[in-house]
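Okay, thanks for coming, everyone. I have a few minutes on one model, and I'd like to walk through it piece by piece.

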Amino acid sequence: MDKFVTRLDHSQPSPSCQSLIQANANHSYLINELDLGSLKGDPGERIPIADYNPRIRDEVRKYYIQQGPCQPSKHQFPKTQMGGRMRQFVPSWFNGQFSKWLEYSVKKDAAFYLCCYLFKNEFIHGSVGEFYTKNGFRAWNKGLERLRLHVGDVNSVHDKCFKKMLDLSNHHQSIQVIFDKHSEKLKSEYRMRLEASIDVARLLLLYGLPFRGHDESESSTNQGLFLGFLRWHGDKHTDVGKVILENAPQNDTLTCPMIQKDIINACAKETLKAIIGDLNGDYFGILVDESKDISHNEQMALVLRYVDKNGEVVERFVGLVHVSDTSACSLKEEIYSLLSDHLLSQSQIRGQGYDGTSNMRGEISGLKTLIMKDSSSAYYIHCFAHQLQLTLVAMSKKHLDVEDFFCHVTNVLNVIGVSFKRRDLLRHLQAKKLEQLLECGEIHIERGLNKKCGLQRPGDTHWGSHFKTLDNFIVIFSSIIRVLKVIEHEVLAMSNELNKILQKRDQDIVNAMEFLNITKKRLQDMRETG
């Protein structure tokens, strides 16, 4: 103890303390939360298994085993000069004895080994063997020889890793062991709770509704839509109500946020699986746009455009990813990464569709140029609706009368739209006008007719917004005039009267202050009661 205290006094920890500090420092970098959406499909982009907390490592391994090895067989593998000849990865290696564990990284142009990536750290510690799980294998001229050498004999590291992978992938055996410990009644109740949670989650996903509530405690009157619909579902089906929520075991309600996210991820994967299956490895075009969310984080949306099995052109949304910046290089990397996650190759791209910003359509370093360098058939098309909108806006601004006209329209919208009372007055006047027209027989009640028209604001980049603005403006123009008259008589008339009184040459300060107080009182009364 004296030695330890002395070392502390001199600020020099002992070797054992240094090891402990280093171990704690390394542990601080462990990933403690499981986010299946962040797991990369390309083996060259994956986080080492050792970087995950031991508590969640098996869940990560199960995910990758379920997804299977990354084998983009239709990718156009690049050629590299080796031994005086041009060499490349051979897709036929994906077949036969290597099919269950051999992977290929599009990003690194290298081969990897799934079973070694998942379990190598249990048999080899430190940096030994990272060549196969981190750097990859690229000696294509000696491919089969090196692959067989890596596999080795029985009980080799690779063989042990492969057996571990087979054991973990045997879900039937592991689930059966657990189920054997429970009665048929408990299994039936568990299945019923799971199906109820899945049904409610699918309903909320179908209509794009939020799951969570502000207060999900048992005493809360509004626990959120997920728990609310689940309780309603139990009330309508008594057999389900007997086994869910408070009637379920406390550690098996299947309603916690993690369970909800797992169900959502499963639904998303099944949806994407159906889209990729419909694509069936054929060529496709990409539609990309980026925008900021409510937290001001840049996000990029990716849509695939392709011809389905029925010969019809369809567009399918496949992902929304956060991007650190909107430079062309960053967007390209994120697009390729998203495609790789679904075993799609950039060489299959046959079209690009973006807006007209410089980072997207730049001829030198724009996104469309970078992608065309990798796939020359990925032709770029600037959205025609966007082109037309920008052209009309640019031309209208050259005509002074048109520009002044839209300036006046915008000012009118600002005057009326700035006040909720004026908006309510406008809706009230428009509703009365429709009632009068219906009584007179000038308009008729039919589906799609007589819709409510709001104050649509024009935007230079909002397609068709100027047309909608004028279309609504014409329909409610008479009501707008009446609102402006109210503003004129009730507000402007008072201030105009006071203005004339204050400008009289024979006006004294006492009368001026009295008129000012009277006007302020009238305005205040109108503000409170009008």
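I'll go from the overall picture to the cores, then the salt bridges, and finish with some loops and a surface patch.

Before anything else: this is a predicted model. The protein chain has 530 residues, and 34% of them count as buried. In secondary structure we get 21 helices and 9 strands. If you take the contacts with a separation of 6 or more, 59% come from residues 24 or more positions apart. The accessible surface is about 34,100 Å², and carbon and sulfur atoms own 55% of that.

Right, the inside. As a general point, nonpolar side chains tend to be buried together in soluble globular proteins. Here the largest nonpolar core has 35 residues, and the ones that touch the most other members are Tyr 64, Phe 89, Leu 102, Leu 118, Trp 140 and Met 165. Which elements give two or more residues to this core? Helices H3, H4 and H7, plus strands S3 and S4. H4 gives the largest share, with 6 residues.

Have a look at Tyr 64 while you're there. Leaving out residues up to four places away in sequence, Tyr 64 touches Leu 39, Lys 40, Arg 46, Leu 114, Tyr 117 and Leu 118. There's also a second, separate core of 29 residues, and that one includes Tyr 306, Val 318, Tyr 336 and Ala 378.

Now the charges. Side chains of opposite charge can pair when their charged atoms come close. The count for this model comes to 13 salt bridges, and I'll pick three.

Start in helix H3 with Lys 62 and Glu 59, where the closest N and O atoms are 4.0 Å apart. These two are 3 residues apart in the helix, so about one helical turn separates them. Both ends are partly exposed: Lys 62 at 31% relative accessibility and Glu 59 at 38%.

The second one is Arg 61 with Glu 122, at 3.2 Å from N to O. That pair links distant parts of the chain, with Arg 61 in H3 and Glu 122 in the loop between H4 and H5, 61 residues apart. Is Arg 61 buried or exposed? Arg 61 counts as buried, because its relative accessible area is 3% and the cut-off for buried is under 20%. Its partner Glu 122, at 35%, is partly exposed. And the pair isn't on its own: Asp 58, Arg 61, Glu 122 and Lys 164 are linked in a network of salt bridges.

Third, over in helix H7, Lys 163 and Asp 159 meet at 3.2 Å, N to O. They sit 4 residues apart, so again we're talking about one helical turn or so. Lys 163 is partly exposed at 39%, whereas Asp 159 counts as buried at 17%.

On to the loops. Gln 223 lies between helices H9 and H10, and with a relative accessible area of 13% it is buried. The side chain of Gln 223 reaches the backbone oxygen of Ser 217 at 2.7 Å. Beyond its neighbours within four places in sequence, the contacts of Gln 223 include Gly 213, Asp 215 and Arg 231.

Ser 375 is another buried loop residue, at 6%, located between helix H15 and strand S9. What does its side chain reach? The backbone oxygen of Ile 349, at 3.3 Å. Ser 375 is also in contact with Gln 346, Ser 347 and Arg 350, among others.

Then two asparagines with positive phi. Asn 155 has a phi of about 70°, sits in the loop between H6 and H7, and is exposed at 51%. For Asn 280, phi is near 55°; this one is in the loop between H12 and strand S5, and is exposed at 55%.

One pair to check in your viewer: Arg 85 and Asn 141 are 56 residues apart in sequence, yet 8.7 Å apart in space, C-alpha to C-alpha. Arg 85 belongs to strand S2 and is exposed, at 51%.

Last stop, the outside. Leu 203, Leu 206, Tyr 207, Leu 209 and Leu 225 make a nonpolar surface patch of about 480 Å². Leu 225 lies in helix H10 and is partly exposed at 32%.

That's my tour, so over to you for questions.

Technical notes
Residues numbered from 1 in each chain as written. Predicted model: local features only at pLDDT ≥ 70, side-chain atom pairs only at ≥ 80, totals over all residues. Heavy atoms only, no water. Buried < 20%, exposed > 50% of the residue type's maximum accessible area, 1.4 Å probe, protein only. Contact = heavy atoms within 4.5 Å. Areas by Shrake-Rupley, 256 points an atom, 1.4 Å probe, with all protein chains shown as cover. Patch = residues over 30% accessible without salt bridge, like charges linked within 9 Å, V, L, I, M, F, W, Y side chains within 5 Å. Salt bridge = Lys/Arg side-chain N within 4 Å of Asp/Glu carboxyl O. Polar contact = N/O pair within 3.5 Å; in protein donor to acceptor, adjacent residues only side chain to side chain. Core = buried A, V, L, I, M, F, W, Y, C linked by side-chain atoms within 4.5 Å.
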